[in-house]
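Grab a viewer and work through these exercises with the model open. Each one sets a task and then walks through a solution.

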Amino acid sequence: MQHVKRLGQIGLAMLLVGLISAGLLTALPATASAQQKTIKYGTMHPLTGAYAVLGRDQMRATEMAVEEWNAKGGVLGHKIIWVHRDDELKGNVAIRRAKELVEEEKCDFFGGTLSGSISLAMNEFACKTKTPYVAYCMSDMVLGSDQCEYGAAFMVVPYAASLAVAQYAFKNVGKKWFAITADYRWGHSLLEGWLWQSQQMGGQFLGNVYVPLGTTDFSTYYAKVLAAKPDFIVMNNLGADQTAAIKQASELGLTKNMKIFCTKTAQHTIKELGSAYNENVIGGMSFYYKLRDKYPGAKKFVDKFMKKYGAPPEQDGECGYVATNILFMAIEKAGTVSDKKKIMEAMQDIKYQLTKGPEYVRGCDRQRVQSYVLVKGKGAKAKGWDLADIVAEIPGDSIIMSCADNAKKLPFINIKLPK
């Protein structure tokens, strides 16, 4: 019986070979799956909450980058499988989502988030699990003991944004300033940068108010601002909070005769505010779509994004796009998808030109060295997405501290924040 059974199996095999040779049967699925190697990339974005619009932009730009790489054959012959989660802009949720991505989804790499404090937790998780992490947001994770060999940051470090905007403000507007600051680590880091730059340039700090995330009524805070009589107001907030703050400033008539500097702003904020975001409101961005008039890479990126999604990319999306690209470029440079340490080493000092001018990832702390752009609102003259004009582009090397200083959090660790 065994002999008969074996003859039957041989006959079946010969029949299958004959059918394949005749073109009547395709190759076995097992062969195809063996040839289709994959890697998995997981990202997190605040798709609900105060920064939801910006989180969606991050997600879209990541999607576009992954599609581009897969269209040219993936990374080292591996198709990229992309998985994403909503971190809700909440630390406890983000930790759960990171564990889902790495431990359950078995992601080889992860990235994203729009909160500096969340990125710190993600960076720590990356170190513990030895899983490469690329942060899309402004983050202090590249400073001091928070540095991790498995983490890299792709938006300017918070203090760099403050230095860029403060230099322009003190040179072109005045010396007396009052700040409205989001009451969490990111806002505090921005304020530290302003205080330090103020000391360097003879600024006169008149006061600050800390505002909880999600605040909608700023009237009591503006009473303190008006009493101080500053040359300009500094906004260390973002998203819906910044929209509410500027809207109420406009209603009080402040935007008619006083400059407002937003250390970080967003296109959707400018568009939503309309005439309130006028020529007296100046905001900082790591990327603004009008850079397409200056850089070929920016034009290619912006045009493709607008065609795909119907709106120009925010800086948060641009950072996600660059971070995703650099991660995959580092994998190719390392020549491996499995040696995570070698991949992170390959990312150090990598030079590229994607969406702006020439840039690089600094080897000592794995942060992207890039320019910072200042835009001035067009107010009632805005049409469509023609919302603001670029007034300055500050070189990245001029707003970043040395590796030695960053490792010690100098000079900002010596800045005492107001209570």
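**Exercise 1.** In which sense do strand S1 (residues 38-45) and S3 pair, and over how many bridges? Then follow the chain onward from S3.

*Solution.* Keep in mind that you're looking at a predicted model.
- Step 1: S1 and S3 pair in the parallel sense, over 4 bridges. For a spot to check, Met 44 stands opposite Gly 112 in S3.
- Step 2: Turn to strand S4 (residues 133-135), which is joined to S3 by 3 bridges and runs parallel to S3. Here Gly 112 has Ala 135 as its bridge partner.
- Step 3: Getting from S3 to S4, the chain passes through helix H5 (residues 116-129), and this β-α-β crossover is right-handed.

**Exercise 2.** Work out which residues on each side of strand S3 (residues 109-112) are buried.

*Solution.*
- Step 1: Start with a rule: in a regular strand the side chains alternate between the two faces of the sheet.
- Step 2: Apply the rule to S3, where Phe 109 and Gly 111 are on one side and Phe 110 and Gly 112 on the other.
- Step 3: These four are all buried, so both faces of S3 are covered, with buried meaning under 20% relative accessible area.
- Step 4: Add a charge to the picture: Lys 340 lies over the face of Phe 109, 5.3 Å from the ring centre.

**Exercise 3.** Lay out the strand order of the open sheet of 7 strands and name its edges.

*Solution.*
- Step 1: The order reads S7-S6-S8-S9-S10-S14-S15, and the pairing is mixed.
- Step 2: Strand S7 (204-211) and strand S15 (388-394) are the edge strands, each pairing on one side only.
- Step 3: On average, neighbouring strands of this sheet are turned by 20° against each other, direction ignored.
- Step 4: Helix H7 (residues 185-200) packs on the sheet and touches strand S6 (176-182), S7, strand S8 (232-236) and strand S9 (259-262). The direction of H7 makes about 165° with that of S6.
- Step 5: Now look at the S7 end, where S6 and S7 pair in the parallel sense over 7 bridges. Lys 176 has Gln 204 in S7 as its bridge partner, and S6, H7 and S7 make a right-handed β-α-β unit.
- Step 6: At the S15 end, strand S14 (residues 372-377) and S15 run antiparallel and are joined by 6 bridges. Gly 377 stands opposite Ala 388 in S15.

**Exercise 4.** Is Val 375 buried or exposed, and what does Val 375 touch?

*Solution.*
- Step 1: Val 375 lies in strand S14.
- Step 2: Its relative accessible area is 0%, so Val 375 counts as buried.
- Step 3: Set aside the neighbours within four places in sequence, and the contacts of Val 375 include Thr 265, Ile 270, Tyr 288, Ala 388 and Ile 390.

**Exercise 5.** Classify the aromatic pair of Tyr 184 and Trp 186.

*Solution.*
- Step 1: A pair of aromatic rings is described by the distance of the centres and the angle of the planes.
- Step 2: For Tyr 184 and Trp 186 these come out at 6.1 Å centre to centre and 35° between the planes, which makes the pair tilted.
- Step 3: Check burial too: Tyr 184 is buried at 16% relative accessible area, and Trp 186 is buried at 6%.
- Step 4: Widen the view to one aromatic cluster, formed by Tyr 168, Phe 170, Trp 177, Trp 194, Phe 205, Phe 232 and Phe 261.

Note on methods:
Residues are numbered from 1 along each chain as its sequence is written. This is a predicted model: local features need pLDDT of at least 70, side-chain atom pairs count only at pLDDT 80 or more; totals for chains, interfaces and linings use all residues. Side-chain values use heavy atoms; hydrogens and water are left out. Two strands pair if DSSP finds at least two bridges between them. Helices (H or I, at least four residues) and strands (E, at least two) are DSSP runs, numbered from the N terminus. Axes are lines fitted to C-alpha atoms, for helices over the stretch in contact, and angles run from 0 to 180 degrees between N-to-C directions. Contact means heavy atoms within 4.5 Å. Buried means under 20% relative accessible area, exposed over 50%, partly exposed in between (1.4 Å probe, protein chains only). A crossover is right-handed if, with the strands pointing away from the viewer, the path from the first strand over the helix to the second runs clockwise. Rings of Phe, Tyr and Trp (its six-membered ring) pair if their centres lie within 6.5 Å; planes under 30 degrees apart count as stacked, over 60 as edge-to-face and the rest as tilted. A charge sits over a ring if NZ of Lys or CZ of Arg is within 6 Å of the ring centre and within 35 degrees of the ring normal.
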